[in-house]
Amino acid sequence: MAVKGRGNQRKRTAATRDQPAEKTEQVVGAGKIDVPSDAEDGSQSDNTEEGDFDTMLQEMADDQGFDSDGGDEFVDDDEEGLAQDNEVDSIHSSDVDGASSDEDSVDADSEDVDSEDESDDESGGVLKRTASITTNDQDTAVDSGDEHDSSVLDGEAMDKLTIRDFGKDLESWKEYRKTLPQIDPGYASDSSTEEPSNTIGDVPIEWYADYPHIGYDIDGKRVMRPATGDELDKFLANMDDPDVFRTARDEVNQQDVKLSEEEIDIIRRIQGGGIPDADFNPYEDTVEWFTSQTMQMPLNAAPPSKMSFLPSKWEHKRVMKIVRAIRQGRITRTAPKDNEPKYFDLWANAGQGEDTGRARRQRLTAPRMALPTHAESYHPPAEYLPTDAEREEWLATDPDDRKRNFLPQDFASLRAVPGYDRFMQERFQRCLDLYLAPRVLKKTSHLDAEELTPKLPDPRDLRPFPAAEALVYTGHTGCVRTISVDPTGLWLLSGSNDGTVRLWEIVTGRCAQIWNFKEIVHKVEWCPSLDMCVFAVAVASRVVVIIPADLCDSQKRLVSEELVRAGFANTGDNEDEDDDALPVSWDTPTSAEQASGVQVSIAMRATVMAVTWHRRGDYMATLTKEEGGGSVLVHQLSKHKSQRPFRKLKGSVQGVKFHPTKPWFLITTQRNVRIYNLVQQELVKTLQPGVKWISSVDIHPQGDNIIVGSYDKKLSWFDLDLSVKPYRSIRYHKQAIRQVQFSRKFPLFATASDDGSIQIYHGKVYDDLNQNPLIVPLKILRGHEIRSNLGVLDCLFHPIQPWLLSSGADGTIRLWT
């Protein structure tokens, strides 16, 4: 019997296996060994806390049967007692095997019992097997110091060592565990560095179009959207990428996936209608699992059993159970099958007028064939027989134009009449007429075109609105890009490509003042506040703030100058961002500019395309040609402070505008209109007009409706309380729409186009939320000339009167009243 370890428990012999498992005590020499029973061996609880490695190893040793206190006693036991125990074990094992000879017991007692002990080598901690126990029938020799019995363990044996091989030396076990190779986590491991997979499920990816993330991973964390360029960047990347034709787009994870050769082969096989698996052979040989030859003899020659001649008792019980169920009525015969024919006559009951559940169309009977006349007789009167001239004329006439398809002939008797050669053709033509031209009584609806058109009010009942040209302002030598009317309605500003800004008196058409900037003027805008007299001009890469001193009274002039000049003292104290991030400078104008009314100049990095004022007059927003979030800036006039509200913007920005009643800010991109809340700093909604390129946007004075004009000739009306889709789309212009504008006082709005026309609409918005807005086309105004494929560039309603001002590429400004 082999014994491993110093405190290893003894195996139960065959003589004691039938006895109940109890904790027995055996005396070996002068010491004692406690041998736990099987129940106690497996019932030890583990209360070790995580991280206490020493305690865990100690308890592992206890589980294996090691006793830290009594281990030495086991080694020092009397050799005679150990030999006697080994002899008893050998006798028991030999009894189980059925061997009765003394040689078998001697051979069983002479087995070597090995005990392993590990120690660290000075050179490298090489583990050696240093203990071996030799047992014979008289004594047991334990020698742990024999060098000739030690052998260096190879790598495979070292990996298979357990704590049982180390005995009581737990420190050697710890050092041995440190020498084991580290586990290399592969792709099947949990620590694999893979890209987080998107786990949004069956959710459209378009729902995340306005968010910086595209979904969530398995831990609930956001999966951020990868950076993408514009169409030009994609084109250049595709030109440089040799694998562009084997790249597929993963819309869920928003990334391009390169297809392998196997995946491309699978796709080609599917497109060709083949089997995706290249290794699959659809024409494999049939495996003959069962032979087709019948055996002539049974498998065995044993006679049939007696049970095959006796009826089965269990089958008899089963049959009687079914009989009782039939007698009690719990099992009935199946219903007789319906013997209706599979095919039936669809028109069998057509003439009986039965209601078959479907709407029948009233059919007309086929018309009867005309009865034969005297001309078709075999012996017609002489007047029905044709002459030679009539016969030639009938032969020369086209068959479709003949009045008759035959010529009358005269026969002496009915027996002399031959068969009709066109009988089959006429019968076939008759069948075609009945089959291809069925006669059905159709119900026609008599509708008047006026009933289909919506009932709109008469335009004469919707007056006043601009209907005729009243005045033309001339003086500019280039295209007039922009116009603006002051809040009082007395003065008009205009900016042109000739580099000048002109101030006009609206009623008389007189040019009161001219500012020459020598560069293209992109935008002029009056401050909407009635307490101030200030306007801004966007010229090249700067915005100039001007106070026309000759037009305003002393009170407005004083308030305006204090507001503009107060910021020079606060310029250095209110810079929140460095010059590299926000290169905007508030400059003091020169003496010549101050003489013309220029108060401050705001210099920027790129060309300024648009300027819009806040309704209070202290803030204004600018739009430049710069890419990214730096194109939109908000400036505070009283503090000379500029800030960038957006770090990043999606798409090319076309325009900006403040909401007239709410703290909202509108960003117009090429295809969408995004509405942001400046107080809560969040996106409110995104309007989707469904156009290719947005040109202009305007907001209704009440703030609940927005109109959007586009370069693809379409006008979209949005109701912010209904949906992000347009309530109505109008397409009356023949060319691109350049400007859309609401009237601030009257229920009117206008659109200006490159076709040289201006269309006036009546747009009534009701206070009742259940009633939709009323949109009625009123008038088309024509007067501007088209030059270089450009027509009307800007239009604007008068703030007080139902007048309209327009500017065009012909260099004129026109007043419509």
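Here are some exercises on a predicted model, each with a worked solution.

**Exercise 1. Getting your bearings**

Task: work out how many helices and strands the protein chain has, and what share of its residues is buried.

Solution. Start with the element count: the protein chain has 15 helices and 37 strands. Next, burial: of the 817 residues, 32% are buried. Then look at the surface, where the accessible area comes to about 54200 Å² and carbon and sulfur atoms own 50% of that. Finally, check the contacts with a separation of 6 or more: 48% of them link residues 24 or more positions apart.

**Exercise 2. Who pairs with β18?**

Task: find which strands pair with β18, and in what sense.

Solution. First put β18 on the map: the strand spans residues 598-603, and five of its six residues are buried. Now take strand β16 (residues 542-546), which runs antiparallel to β18 and is joined to it by five bridges. Here Arg542 stands opposite Ala603. Move on to β17 (residues 585-587), which also pairs with β18 in the antiparallel sense, over three bridges. For Ser585, the bridge partner in β18 is Ala603. Put the two steps together and Ala603 turns up opposite Arg542 and as the partner of Ser585.

**Exercise 3. Into the core**

Task: say which residues have the most contacts inside the largest nonpolar core, and which elements give two or more residues to it.

Solution. The largest nonpolar core has 22 residues, and Val543, Met620 and Leu637 have the most contacts inside it. The elements that supply two or more residues are β15 (535-539), β16, α14 (554-565), β18 and β19 (608-613). Of these, β19 gives the most, with three residues. Now zoom in on Leu637: leaving out residues up to four places away in sequence, it touches Val545, Leu563, Val564, Trp586, Val600, Trp613 and Asp618. Last step: another core of 18 residues lies apart from this one, with Trp491, Leu493, Trp515 and Val598 among its members.

**Exercise 4. Ile707: buried or exposed?**

Task: decide whether Ile707 is buried or exposed, then list what it touches.

Solution. Ile707 sits in strand β28 (residues 705-710). Its relative accessibility is 0%, so it counts as buried; the cut-off for that is under 20%. For the neighbours, skip residues up to four places away in sequence: Ile707 then touches Ser696, Val697, Asp698, Leu715, Ser716, Trp717, Val740, Gln741, Phe742 and Phe749. One more pair to try is Ile707 and Thr751, which are 44 residues apart in sequence, with 9.8 Å between their C-alpha atoms.

**Exercise 5. Odd backbones**

Task: track down where the cis peptide bond is and which residues other than glycine have a positive phi, including Gln681.

Solution. Keep the usual picture in mind: most peptide bonds are trans, and most residues other than glycine have a negative phi. The cis bond joins Arg463 and Pro464, with omega about 10°. Pro464 is in the loop between α13 (449-452) and β9 (469-473). As for phi, Gln681 has a positive value near 55°. Gln681 lies in the loop between β25 (673-677) and β26 (682-687), and counts as exposed because its relative accessibility is 72%. Asn789 is another case, with phi near 60°. Its place is the loop between β34 (774-782) and β35 (792-797), and Asn789 is exposed at a relative accessible area of 68%.

**Exercise 6. Salt bridges in and out of cover**

Task: for the salt bridges of Glu261, Asp265 and Asp810, name each partner.

Solution. The structure holds 16 salt bridges. Glu261 meets Arg246 at 2.9 Å, N to O. Glu261 is in helix α9 (residues 261-271) and Arg246 in the loop between α8 and β7 (247-250), so the bridge ties together parts that are 15 residues apart in sequence. Asp265 pairs with Arg269, their closest N and O atoms being 3.0 Å apart. These two are four residues apart in helix α9, which means about one helical turn separates them. Asp265 is partly exposed at 30%, and Arg269 is partly exposed at 30%. Asp810 bridges to Arg814, with closest N and O atoms 3.7 Å apart. Asp810 is buried at 9% relative accessibility, and Arg814 is buried at 11%. To finish, shared partners join Glu469, Asp810 and Arg814 into one network.

Note on methods:
Residues are numbered from 1 along each chain as its sequence is written. This is a predicted model: local features need pLDDT of at least 70, side-chain atom pairs count only at pLDDT 80 or more; totals for chains, interfaces and linings use all residues. Side-chain values use heavy atoms; hydrogens and water are left out. Buried means under 20% relative accessible area, exposed over 50%, partly exposed in between (1.4 Å probe, protein chains only). Two strands pair if DSSP finds at least two bridges between them. Contact means heavy atoms within 4.5 Å. Accessible areas come from the Shrake-Rupley method with a 1.4 Å probe; for residues, only the protein chains shown count as cover. A nonpolar core is a set of buried Ala, Val, Leu, Ile, Met, Phe, Trp, Tyr and Cys residues joined through side-chain atoms within 4.5 Å. A salt bridge is a side-chain nitrogen of Lys or Arg within 4 Å of a carboxyl oxygen of Asp or Glu.
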